[in-house]
Amino acid sequence: MNQPINILGFAGSLRKDSYNRALLRTAFELIPKDAKLEIFELDGIPPFNQDLELSVPDKVVEFKRKIKEADALLS
């Protein structure tokens with residue numbers, strides 16, 4: 001049996017009831033059986049600051065890792 005398609009979903013809006021987050025929740029319910037959708041919350045990711053580029057926050061490291069592991073992105 002093949003591995004499921006690994007999809008990483010995230011919404012650019014941090015608002016709890018944003019339309020983009022609602023669409024992600026709907027996509028999660030409609031995902032085909034041969035796919036897996038993980039929704040990543042962007043809360044806690046700071047704006048980019050090149051002065052801090054060498055000390056990347058853990059949340060950013062986790063997000064980058066999940067992007068690399070994903071077969072597809074849904075935003």
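**Three rings, a pocket and a strand pair**

Author: In this predicted model, the chain has 2 helices and 3 strands. Reading from the N terminus, the elements go β-α-β-α-β. Along the principal axes, the C-alpha atoms fill a box of roughly 45 × 30 × 15 Å.

Reader: Let's start with the rings. How many aromatic pairs are there?

Author: With ring centres required to lie within 6.5 Å, the count comes to 2 aromatic pairs. In one of them, Phe-10 and Phe-63 sit 5.2 Å apart, centre to centre, with 85° between the planes.

Reader: And what makes the pair of Phe-10 and Phe-63 edge-to-face?

Author: Two checks. The centre distance is 5.2 Å and the limit is 6.5 Å, so the rings pair. The plane angle is 85° and anything over 60 degrees counts as edge-to-face, so that's the label. The pair also links distant parts of the chain, 53 residues apart: Phe-10 is in the loop between strand S1 (5-9) and helix H1 (19-30), while Phe-63 is in helix H2 (residues 58-69).

Reader: Why is Phe-10 counted as buried?

Author: Its relative accessibility is 16%. Buried means under 20%, so Phe-10 passes. Phe-63 comes in at 13%, under that cut-off, and therefore counts as buried too.

Reader: Now the other pair. Why are Phe-40 and Phe-63 called stacked?

Author: Their centres are 4.8 Å apart and their planes differ by 20°. Stacked needs planes under 30 degrees apart and centres within 6.5 Å, so Phe-40 and Phe-63 meet both conditions. Phe-40 lies in the loop between strand S2 (35-39) and H2, with Phe-63 in helix H2, so this pair ties together parts that are 23 residues apart in sequence. Phe-40 is buried, as is Phe-63.

Reader: Which residues form one aromatic cluster?

Author: Phe-10, Phe-40 and Phe-63. Phe-63 pairs with Phe-10 and also with Phe-40.

Reader: How do you know that Lys-59 lies over the face of Phe-40?

Author: The distance from the ring centre is 4.8 Å. The rule asks for NZ of Lys within 6 Å of the centre and within 35 degrees of the ring normal, so 4.8 Å clears the distance part. Lys-59 is listed as lying over the face of Phe-40.

Reader: Next, the pocket. What volume does the largest pocket have?

Author: About 270 Å³. Its lining has 13 residues, with Phe-48, Asn-49, Val-56, Pro-57 and Val-60 lying nearest the centre.

Reader: How many residues of each class are in that lining?

Author: The split is 9 nonpolar, 2 polar and 2 charged. Val, Phe and Pro are classed as nonpolar, so among the residues nearest the centre Phe-48, Val-56, Pro-57 and Val-60 carry that label. Asn isn't on the nonpolar or charged list, so Asn-49 counts as polar.

Reader: Over to the strands. How do you know that S1 and S2 pair?

Author: They share 5 bridges, in the parallel sense. The rule wants at least two bridges, so S1 and S2 count as paired. Asn-6, for instance, has Lys-36 in S2 as its bridge partner. Ile-7, in strand S1, is 29 residues from Lys-36 in sequence, but their C-alpha atoms are 5.9 Å apart in space.

Reader: What makes S1 mostly covered?

Author: Of its 5 residues, 4 are buried. Ile-7 has a relative accessible area of 15%, which is under 20%, so Ile-7 is buried. Leu-8, also placed in strand S1, has 2% relative accessibility and is therefore buried by that cut-off. The C-alpha atoms of Leu-8 and Asp-71 are 7.9 Å apart, across 63 residues of sequence.

Reader: Why is Lys-36 only called partly exposed?

Author: Its relative accessible area is 45%. Buried needs under 20% and exposed needs over 50%, so 45% falls in between. Lys-36, in strand S2, has its C-alpha atom 22 Å from that of Val-60, 24 residues away along the chain.

Reader: And why does Pro-47 count as exposed?

Author: Its relative accessibility is 74%, over the 50% cut-off, so Pro-47 is exposed. Pro-47 sits in the loop between S2 and H2. Pro-47 and Asp-34 are 13 residues apart in sequence, with 35 Å between their C-alpha atoms.

Reader: What percentage of the chain counts as buried?

Author: Of the 75 residues, 23%.

Technical notes: Residues are numbered from 1 along each chain as its sequence is written. This is a predicted model: local features need pLDDT of at least 70, side-chain atom pairs count only at pLDDT 80 or more; totals for chains, interfaces and linings use all residues. Side-chain values use heavy atoms; hydrogens and water are left out. Rings of Phe, Tyr and Trp (its six-membered ring) pair if their centres lie within 6.5 Å; planes under 30 degrees apart count as stacked, over 60 as edge-to-face and the rest as tilted. Buried means under 20% relative accessible area, exposed over 50%, partly exposed in between (1.4 Å probe, protein chains only). On a 1 Å grid over the protein atoms alone, a cavity is a set of points where a 1.4 Å probe fits but cannot get out, and a pocket is an open set with protein on both sides within 12 Å along at least five of seven lines; lining residues have an atom within 4 Å of a point. Grid points are joined across faces, edges and corners, and a volume is the space filled by probe spheres set on the points.
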